Amino acid sequence: MRKTLALLSLSFGVTLGNVTLPALAKDPLSVPLIPVNSNLLNLVCCRSDALGLDEQIWGQNGQAGDRKALIASIDNSLRYLQTNSAAQAYQQYPVPGITRDRVRRSLVRFRQLVLNSGSAAELQAAIKREFVLYQSVGKDNKGNVQYTAYYEPTYTASRKQTAEHRYPLYGMPSNFNSWPKPHPTRVQLEGEDGLLGANSPLQGLEIAWMSDRLEAFLVQIQGSAQLQMTDGSVMTVGYAGGTDYPYTSVGKELAKDGKLPLSGLTLPVLIKYFQQNPLELSNYIPRNQRFVFFNETNGAPAMGSVGVPVTAERSIATDKSLMPPGALALIHTRVPYFNRAGKIEQRLVSRYVLDQDKGSAILGPGRVDYFIGTGKRAGDRAGVTGGNGQLYYLLLKQ
């Protein structure tokens, strides 16, 4: 698993409207996806938010298109689908008609259409002719899906412990698989203040040291990072494993205690709160008992749970016990962007993505985590991503 989870898992209450879905089983988890009418892809003239009208492939708002990135992400999924792990994942996939071979053929054909189409409308029309949509039943059995976003942060760190750099990132213990359960808690591994140091059972496994405890915690949340080391080198770290505790949202804990309102609680708000109340870190970070280990990735890109790189704006994380790994999907939700004035604004987008990752907080058919990219600007956008939308998977007609 490349990443751990979505950061806050909070919604801004943005709703794109309910949809009418066919009758479902009593247990929605038994049927996470259902086929819907491809007429949903009807082109609505002059509306950039029409379902399946992905203008980003060709570029919009003065930005270059990302067709090459989309093709690369498709190729990553095709590579995954050739593996034994993909064969095992699809052996007992619960949705009738969704097989590894059909997912593979769908990706191959979609790749051809992306290369040969001259516009978003042309691609949309071709998909309507040739593909079937399977919609997620969502969190409410009405198709509403909660979206969050994640990113790969870039921070400063040291290869050695110093008076300034005191908060370690740890490598995976060699005997982790034999650890008794329940695993040690976060407090038992790093202390309430994150400075357990020589008294930690992880002593000697430090791979980098950070000066800011919240930043070290956020690396665990995101599951990977690019670290600018104080000696001038760059270290990349990726998820190596984690303890067997469920994720507890620090943001929701603050809201529960009345410290911050749940409405509008974004990453920038959370960071500002802890900057103004640094002693509170020792109160709230330990509430997330789950602890994450890392390995050095030697410059490799951030990896998804299916073992291929995730691609900015083109990869998503879902519950892999329910959703088809590596498959072609279509998200329809609001995503934040910087406008020409440098301010963040929300835009309704319809975007083709590849399902290549998972997260411990991304559970059920009503959750999607969207990979935005690397660096501070990506983090600024990911930190204010939240709301409802719809999620579809695209497969060739039988």
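Start by selecting strand 7, helix 5 and helix 6 (213-222): each of them supplies at least two residues of the lining of the second largest cavity. Keep in mind as you look around that this is a predicted model.

**Stop 1: the cavity**

Which helix gives the most to this lining? It is helix 6, with four residues. To see the whole wall, show Tyr167, Pro168, Arg186, Glu190, Gly194, Arg213, Ala216, Phe217, Gln220 and Ile285 as sticks. The space they enclose comes to about 80 Å³. If you would like to hunt for others, the count is four cavities of 30 Å³ or more.

**Stop 2: Lys160**

Next, select Lys160, in the loop between strand 6 (154-157) and strand 7. Is Lys160 buried or exposed? With a relative accessible area of 62%, Lys160 is exposed, because anything over 50% counts as exposed. Leaving aside neighbours within four places in sequence, you will find Lys160 in contact with His165 and Trp209. Now add Thr230: Lys160 and Thr230 are 70 residues apart along the chain, and their C-alpha atoms are separated by 9.4 Å.

**Stop 3: the aromatic rings**

Select Tyr170, Phe176, Trp179, Phe291 and Phe293 together, and you have one aromatic cluster on screen. The model holds ten aromatic pairs. One of them is Phe176 with Phe293, an edge-to-face pair with 5.4 Å from centre to centre and 70° between the planes. What does this pair tie together? Phe176 lies in the loop between strand 7 (167-170) and helix 5 (186-190), while Phe293 belongs to strand 11 (residues 292-296), so the pair links parts that are 117 residues apart in sequence. Both Phe176 and Phe293 are buried.

**Stop 4: arginines over rings**

Move on to Arg377 and Phe338. The charged end of Arg377 sits over the ring of Phe338, 4.0 Å from its centre. Then pick Arg381 and Tyr337, where Arg381 lies over the face of Tyr337 at 4.3 Å from the ring centre.

**Stop 5: helix 1**

Finish with helix 1 (residues 67-81). Try a distance between its end C-alpha atoms: they are 21 Å apart, which agrees with the 21 Å that 15 residues should span at 1.5 Å a residue. Now colour its buried residues, which are Leu70, Ile71, Ser73, Ile74, Asn76, Ser77, Leu78, Tyr80 and Leu81. What covers them? Show the surroundings and you will meet, among others, helix 2 (84-91), helix 3 (100-116), strand 12 (315-317) and strand 14 (344-357).

Notes
Residues numbered from 1 in each chain as written. Predicted model: local features only at pLDDT ≥ 70, side-chain atom pairs only at ≥ 80, totals over all residues. Heavy atoms only, no water. Phe/Tyr/Trp six-rings, centres within 6.5 Å; stacked < 30°, edge-to-face > 60°. Buried < 20%, exposed > 50% of the residue type's maximum accessible area, 1.4 Å probe, protein only. Lys NZ or Arg CZ within 6 Å of the ring centre and 35° of its normal. Expected span 1.5 Å × (residues − 1). Contact = heavy atoms within 4.5 Å. 1 Å grid on protein atoms, 1.4 Å probe; cavity = no way out; pocket = protein on both sides within 12 Å on 5 of 7 lines; lining within 4 Å. Points joined across faces, edges and corners; volume = space filled by probe spheres on them.
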